[in-house]
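Here are some short exercises to work through with the model open beside you. Try each task on your own before reading its solution.

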Amino acid sequence: MIELNHSPTQVVKWSLAEQKSVNVDIKRDDLLHPVISGNKWRKLKYLISDAQEKGCSELISMGGNWSNHLHALAYVGKALNLRTRGFVRAHPNQAITPTLEDCQRWGMRLQFCSRQEYAALRQDNHWSRFSEQSPDSYWLSEGGFGQLAIRGVEDIAQEVDEHYDYIFVGCGSGATLCGLSKTFNHSHVVGVAAFSGADYLQESLGKHIGPRDSNWSLDTQHHCGGFAKRNADLDEVISSLELTNSFKLDPVYNGKTFLALQSWLALGKIPSGSKVLVIHTGGLQGTRSP
Ligand SMILES: Cc1ncc(COP(=O)(O)O)c(C=O)c1O
């Protein structure tokens with residue numbers, strides 16, 4: 001079993017927050033581990049225990065060619081001596097990224113697939129047909145989404161003693177948002193969608209955590225044009241925060257989370273005197289040059 005320490009919470013030095021009399025803290029889950037950092041271990045730990053209890057010897061999942069999820073899974077597989085396989089939404093002739101290089105080095109078998117094949121893999125019925133063919137395999141859906149991942153995220157509350165009025169976090173599959181909203185009942189959790197067209201998540205996540213606005217909402221306005229897209233506003237907020245703080249921010253998730261928070265602060269959507277916690281979900285491996 002892999003055991004990780006608690007991550008520290010730090011004050012974010014940010015002139016905008018000071019002007020608005022809002023306290024912003026950051027939970028440095030990026031410091032949890034050099035590889036399985038951020039929300040990765042939180043989402044993976046119960047899934048991996050479940051796979052081990054079921055006697056599965058191969059972990060299989062899917063992701064893009066910069067996937068933090070596949071990267072962490074490959075590392076966990078190597079550390080726990082489990083085989084891993086990753087379906088990658090990319091053409092094999094595309095330059096292999098540092099992420100995929102690491103995955104291969106840690107023994108993950110990569111299977112490249114087209115957009116259509118990838119879309120089919122997202123369907124539950126496709127997964128179950130596949131697992132019939134490989135009975136000792138354990139499937140993790142995209143981003144690790146599922147009840148066990150959500151439960152792993154809920155454990156974060158054991159490390160947070162203070163009350164926060166708002167919690168901001170990057171959102172992909174929504175598992176992290178679900179776990180936070182389930183455990184921080186008295187906070188309002190804002191998931192910042194990293195990709196465009198994320199409105200469908202309002203309904204699908206609602207099935208896990210109750211209707212939007214109960215204690216959570218989704219900010220779908222700060223994706224900067226789509227997944228892994230960036231713009232000058234995003235670059236600006238990242239560089240100004242990195243200048244005054246000791247953390248680094250990836251532009252795919254955490255940079256966008258702060259961009260959204262900046263806009264909420266500027267628009268006065270967060271009352272003065274509020275306390276805000278941002279969860280740093282890691283992802284810095286994806287900032288390496290190809
Ligand atoms: C660094 C990082 N932050 C945030 C997220 C979003 O997490 P979730 O898929 O649980 O919404 C991901 C994706 O897993 C991620 O890699």
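**Exercise 1. Helix H3**

Task: Work out how far helix H3 is enclosed, and check its length and its two ends.

Solution, step by step:

1. Start with burial. This is a predicted model, and in it 10 of the 13 residues of H3 are buried, so the helix is largely enclosed by the rest of the structure.
2. Name the buried positions. They are Asn68, His69, Leu70, His71, Ala72, Leu73, Ala74, Val76, Gly77 and Leu80.
3. Look for what encloses them. The buried residues of H3 pack against helix H2 (39-53), strand S3 (58-63), strand S4 (83-89) and helix H4 (98-105).
4. Test the length. H3 runs over residues 68-80, and at 1.5 Å a residue its 13 residues should span 18 Å; the C-alpha atoms at its ends are 18 Å apart, so the two values agree.
5. Inspect the ends. At the start of H3, a side-chain oxygen of Ser67 comes within 3.2 Å of the backbone nitrogen of His69. After H3 comes Asn81, with a positive phi near 60°.

**Exercise 2. A glycine in strand S4**

Task: Is Gly86 buried or exposed, and which residues does Gly86 touch beyond four places away in sequence?

Solution, step by step:

1. Place the residue: Gly86 sits in strand S4.
2. Apply the cut-off. Buried means under 20% relative accessible area, and Gly86 has 0%, so Gly86 is buried.
3. List the contacts. Leaving out residues up to four places away in sequence, Gly86 touches Ser61, Leu70, Met108, Arg109, Leu110 and Gln111.
4. Tie this back to H3. Leu70 is one of the buried residues of H3. For another buried H3 residue, Ala74, the C-alpha atom is 8.4 Å from that of Gly86, with the two positions 12 residues apart along the chain.

**Exercise 3. The ligand site**

Task: Which residues come nearest to the ligand, and how much of its accessible area does the protein cover?

Solution, step by step:

1. Take the shell. Of the 15 residues around the ligand, the nearest are Gly172, Ser173, Gly174, Thr176 and Thr281.
2. Find the polar contacts to ligand oxygen atoms. A backbone N or O atom of Gly172 is 2.7 Å from one, and a backbone N or O atom of Ala175 is 3.3 Å from one. From the side chain of Thr176, an N or O atom lies 2.6 Å from a ligand oxygen.
3. Read the coverage. On its own the ligand has 380 Å² of accessible area, and the protein covers 97% of it.
4. Assign the shell to elements. H2, strand S7 (166-171) and helix H8 (175-183) each give two or more residues, and H2 has the largest share, with three.

**Exercise 4. An asparagine in a loop**

Task: What does the side chain of Asn245 reach?

Solution, step by step:

1. Locate Asn245 in the loop between helix H10 (232-244) and helix H11 (254-266).
2. Check burial: Asn245 has 11% relative accessibility and counts as buried.
3. Follow the side chain. Asn245 reaches the backbone nitrogen of Lys13 at 2.7 Å and the backbone oxygen of Leu241 at 2.9 Å.
4. Widen the view. Not counting residues up to four places away in sequence, Asn245 touches Val11, Val12 and Lys13.

**Exercise 5. Cysteines**

Task: How many disulfides does the structure hold?

Solution, step by step:

1. Set the cut-off: two cysteine sulfur atoms must be within 2.5 Å.
2. Count. The structure holds zero disulfides.
3. Check Cys178: its nearest cysteine sulfur is that of Cys171, 7.9 Å away. Cys178 is buried, at 0% relative accessibility.
4. Check Cys224: the nearest cysteine sulfur is again that of Cys171, 15 Å away. Cys224 is buried too, at 15%.

Definitions and conventions: Residues are numbered from 1 along each chain as its sequence is written. This is a predicted model: local features need pLDDT of at least 70, side-chain atom pairs count only at pLDDT 80 or more; totals for chains, interfaces and linings use all residues. Side-chain values use heavy atoms; hydrogens and water are left out. Buried means under 20% relative accessible area, exposed over 50%, partly exposed in between (1.4 Å probe, protein chains only). Helices (H or I, at least four residues) and strands (E, at least two) are DSSP runs, numbered from the N terminus. The expected span of a helix is 1.5 Å times one less than its number of residues. Contact means heavy atoms within 4.5 Å. A polar contact is a pair of N or O atoms within 3.5 Å; within protein, one must be able to donate a hydrogen and the other to accept it, and residues adjacent in sequence count only if both atoms are side-chain atoms. A residue is near a molecule or strand if one of its heavy atoms lies within 4 Å of it. Accessible areas come from the Shrake-Rupley method with a 1.4 Å probe; for residues, only the protein chains shown count as cover.
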